[in-house]
Amino acid sequence: MGGDGIGPEVTRQAVKVLRALEKKGLKLELSEHLVGGAAYDQLGHPLPEQTLEAARTADAILFGAEGGFQYETLPRGLRPGDALLSLRKELDLFANYRPVITFKELAGASSFKAHIIDNLDLLLIRELTSDLYFGEPRGVHIEQGMRVGINTMRYTEFEIARIVRAGFEAARMRNRRLCSVDKANVLESMELWRTVAEEVGQEYPDVELSHLYIDAAAMALARNPKQFDVIVTGNLFGDILSDEASMLTGSIGMLPSSSLNAKGKGLYEPVHGCAPDIAGQDIANPLGSILSVALLLRQGAHLPTAAISVENAVRRVLADGLRTADIFEPGCIRVGTEDMGDAVVNALLG
Ligand code: IPM
Ligand code: MG
């Protein structure tokens, strides 16, 4: 599902990579579906029934991006972003993994000093199906002649426990440190978050659990990101922290993500948005989408070797000096979206 803006063009590159892997023996059944504004334009709904059905039956979903200025005044439910939110909710994709890994070749493209971010490898895990995004009551209504806007931060202990557990499980596979981020000093829902995180932590004595308030976490992430191994947090805080974290890597165009449900079914998408201002110009960075394919191979298809081969191919083209505009530095070779995709394919097959 390419979606809108730069979504289709970056997804096309990711599909090229999948097709290249097919040549190397990967078994693949691929179908394409309309989603977001593109689906609204053609079928009158951002998440048409056939797209939802295809998502339900697929083993994995590769998603581009959705949105566009022209849709922002549509009623809620018909806006492109609603398609992504509905997909997450309908498929119960509660665990969103956003690995933040710096490629040494891109150290200069980040606005952070090189020694702060070199060799950074942290994993941000964001809850994706609850919180202010879905809590009721919500909406805008009139009270005493005045408009009032309401959203509700709501978490059940079940929802907290399962995402925190995902954090512990991930930390176990890494450096065994989990930082849970909340706002327990002010918000009751977050007080519960912290309590449940502590309770689940009892099951994981081998993982060191720490807690930070979201404001302090935002600061710590910019000051010394390498102190983190795995971060687990709620939907809204995770949305904000992941954009901040993307800047550590040099460009949000580099970040992949996966969103899994309890059965391990996943939606794989770059963290970046639809970027309508650069859409269709062959300048967008497809690496976030291509690296999402690597996540799909690792987490969805359980093919770690294939995942590593894709990541290594990305590393190779970066080492060769190829750069899209967002990560370009003097002395490098500026390439467009298609050429970057082709270069990764060549590196993969070469
Ligand atoms: C993200 C995006 C989405 C979100 C938008 C497009 C609804 O910002 O995946 O981080 O807020 O979750
Ligand atoms: Mg976001």
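These legends describe close-up views of a predicted model, covering its two domains, the contact between them and ligand 1.

**View 1. The chain splits into domain 1 and domain 2.**
Domain 1 is built from two stretches, 1–98 and 255–350. Domain 2 is one stretch, 121–247. Measuring between C-alpha centres is the basis for the spacing here: domain 1 and domain 2 have centres 25 Å apart. Where they touch, domain 1 supplies 13 residues and domain 2 supplies 16 residues.

**View 2. Domain 1 and domain 2 bury area against each other.**
The buried area between the two domains is about 1400 Å². Carbon and sulfur atoms give 61% of this area. Polar contacts also cross the interface of domain 1 and domain 2: six residue pairs make them, with both residues at pLDDT 80 or more.

**View 3. One salt bridge is counted between domain 1 and domain 2.**
A further pair to look at is Arg162 and Asp92, which form a salt bridge. Their closest N and O atoms are 3.0 Å apart.

**View 4. Six named residues surround ligand 1.**
Glu66, Arg88 and Arg98 are part of the surroundings of ligand 1. Arg126, Tyr133 and Asp239 complete the list. What is the make-up of this shell in nonpolar, polar and charged residues? Five residues are charged, one is nonpolar and none is polar.

**View 5. Arginine side chains reach oxygen atoms of ligand 1.**
Arg88 places a polar side-chain atom 2.7 Å from an oxygen atom of ligand 1. For Arg126, a polar side-chain atom lies 2.8 Å from an oxygen atom of the ligand. For Arg98, the distance from a polar side-chain atom to a ligand oxygen atom is 2.9 Å. How much of the accessible area of ligand 1 does the protein cover? On its own, ligand 1 has 320 Å² of accessible area, and the protein covers 73% of it.

**View 6. Both domains contribute to the shell around ligand 1.**
Domain 1 (1–98 + 255–350) gives at least three residues to the shell. Domain 2 (121–247) also gives at least three.

Note on methods
Residues numbered from 1 in each chain as written. Chains lettered and ligands numbered in written order. Predicted model: local features only at pLDDT ≥ 70, side-chain atom pairs only at ≥ 80, totals over all residues. Heavy atoms only, no water. Near = heavy atom within 4 Å. Polar contact = N/O pair within 3.5 Å; in protein donor to acceptor, adjacent residues only side chain to side chain. Areas by Shrake-Rupley, 256 points an atom, 1.4 Å probe, with all protein chains shown as cover. Nonpolar A, V, L, I, M, F, W, Y, C, P; charged D, E, K, R; others polar. Domains from an automatic or database assignment. Contact = heavy atoms within 4.5 Å. Buried area = accessible area lost by both parts, 1.4 Å probe. Salt bridge = Lys/Arg side-chain N within 4 Å of Asp/Glu carboxyl O.
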